[in-house]
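Me: I'd like to go through the backbone oddities and the charged pairs in this one. Can you take me through them step by step?

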Amino acid sequence: MAPPPTPNPAPPPLRILMLHGFTQSPPLFHAKTRALAKSLARPFPNLHLRYVPAPHRLAGADIPGHDPAVPVAEAPEAYGWWRRKDHVMKDGQGKEAETGVVYEGIERGLQSVADCIREEGPFDGVVGFSQGAAAAAMVASLLEGRTRKEAFAEAEARGGMPYPASFLGEVDGFVQAPLKFAVCYSGFRAPGKLYEAFYEPRIRTKVLNVLGQVDVVVDEVRGMQLVSVCEGGEGMVVVHPGGHFVPSQKPWLDAVVGFVKQRMEGEGEGKKEDKEEERVEDMDVPF
């Protein structure tokens, strides 16, 4: 009698950090990514999406298009990872040099993610939208280890942001090992020298950037600035025909799911190290 067929191994668990956009909240982002979650659950039945809340509760004045006539009690809950402010930057002699962008509260925003990793991690990847996508790229960068930490030390000596202490931990000195992937919907790069260490050297973690063709909030120029600081970024861009939102149509879902499967399969024991990796633009989806 022939032996019974060997059952297919169970797919590995998939754990993803989910970072909502500016003026959003975890419940709202959960609602806007239901189609994505459903698509990911098919190849990854052991899917765990952790919707992390940004720490900064936004006032009405922080929200674009806010109607001041709306009572505070009726205003929706809205949060951000930081608040953008224009600040006058000074040179080494204390003189006004230029006006630069400062992300007020960014340390606390990143600490919220680090605390979640410390308490519930490790995670395989991160998905973010808009400001949350910018934060997702930062998180992927911060988890890349000693080279990134050294880049922050060098940049700090020139007036840049220091490496966030919240990302230090017990896994080779960091809160967890590098992520396998990041997916950035309508993401952008933080401007200015203050934040250059996030991107110089370029982000080595594989990042799929999903951009809207008619996005007027994060336009193509801003989106491509983030693409340009990701290694191999030009080959990992998906452009959908819509605006500033997470697309829920099948072609764009399939592109993201295919990318995540690539990254997770690339970590498997049976993967040959010298196997040529399929590029995102080679997938069977219309870009």
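Reply: One cut-off first: a residue is called buried when its relative accessible area is under 20%. Please also keep in mind that this is a predicted model.

Me: OK, so where does Ser130 fall, buried or exposed?
Reply: Ser130 has a relative accessible area of 9%, so it counts as buried. Its backbone deserves a look as well, since phi of Ser130 is positive, at about 55°, although the residue is not a glycine. Ser130 sits in the loop between strand 7 and helix 4, the helix spanning 131–142.

Me: And what about phi of Ser186?
Reply: Ser186, likewise a residue other than glycine, has a positive phi near 55°. Ser186 is placed in the loop between strand 9 and strand 10, and it is buried because its relative accessibility is 1%.

Me: Switching to peptide bonds, which residue does a cis bond join to Pro122?
Reply: That partner is Gly121, and omega of the cis bond is about 5°. Pro122 belongs to the loop that runs between helix 3 (106–120) and strand 7 (125–129).

Me: What is the geometry of the bond from Glu200 to Pro201?
Reply: The bond from Glu200 to Pro201 is cis, with omega near 5°, and Pro201 is found in the loop between strand 9 (181–185) and strand 10 (207–212).

Me: Does Glu200 pair up with anything, and if so with which residue?
Reply: Glu200 forms a salt bridge with Arg189, in which the closest N and O atoms are 3.7 Å apart. Both Glu200 and Arg189 lie in the loop between strand 9 and strand 10, 11 residues apart. Glu200 is partly exposed at 43% relative accessible area, and Arg189 is partly exposed at 23%.

Me: How many salt bridges are there in the whole structure?
Reply: A search of the whole structure finds seven. One of them joins the side chains of Arg50 and Glu120, at 2.9 Å from N to O. That pair links distant parts of the chain, with Arg50 in strand 2 (residues 47–52) and Glu120 in helix 3, 70 residues apart.

Me: How accessible is Arg50, and how accessible is Glu120?
Reply: Arg50 is partly exposed, with a relative accessible area of 24%, and Glu120 counts as partly exposed at 27%.

Me: Which residue forms a salt bridge with Asp115?
Reply: Arg118 does, with the closest N and O atoms 3.8 Å apart. Asp115 and Arg118 both lie in helix 3, three residues apart, which is about one turn of the helix.

Definitions and conventions
Residues are numbered from 1 along each chain as its sequence is written. This is a predicted model: local features need pLDDT of at least 70, side-chain atom pairs count only at pLDDT 80 or more; totals for chains, interfaces and linings use all residues. Side-chain values use heavy atoms; hydrogens and water are left out. Helices (H or I, at least four residues) and strands (E, at least two) are DSSP runs, numbered from the N terminus. Buried means under 20% relative accessible area, exposed over 50%, partly exposed in between (1.4 Å probe, protein chains only). A salt bridge is a side-chain nitrogen of Lys or Arg within 4 Å of a carboxyl oxygen of Asp or Glu.
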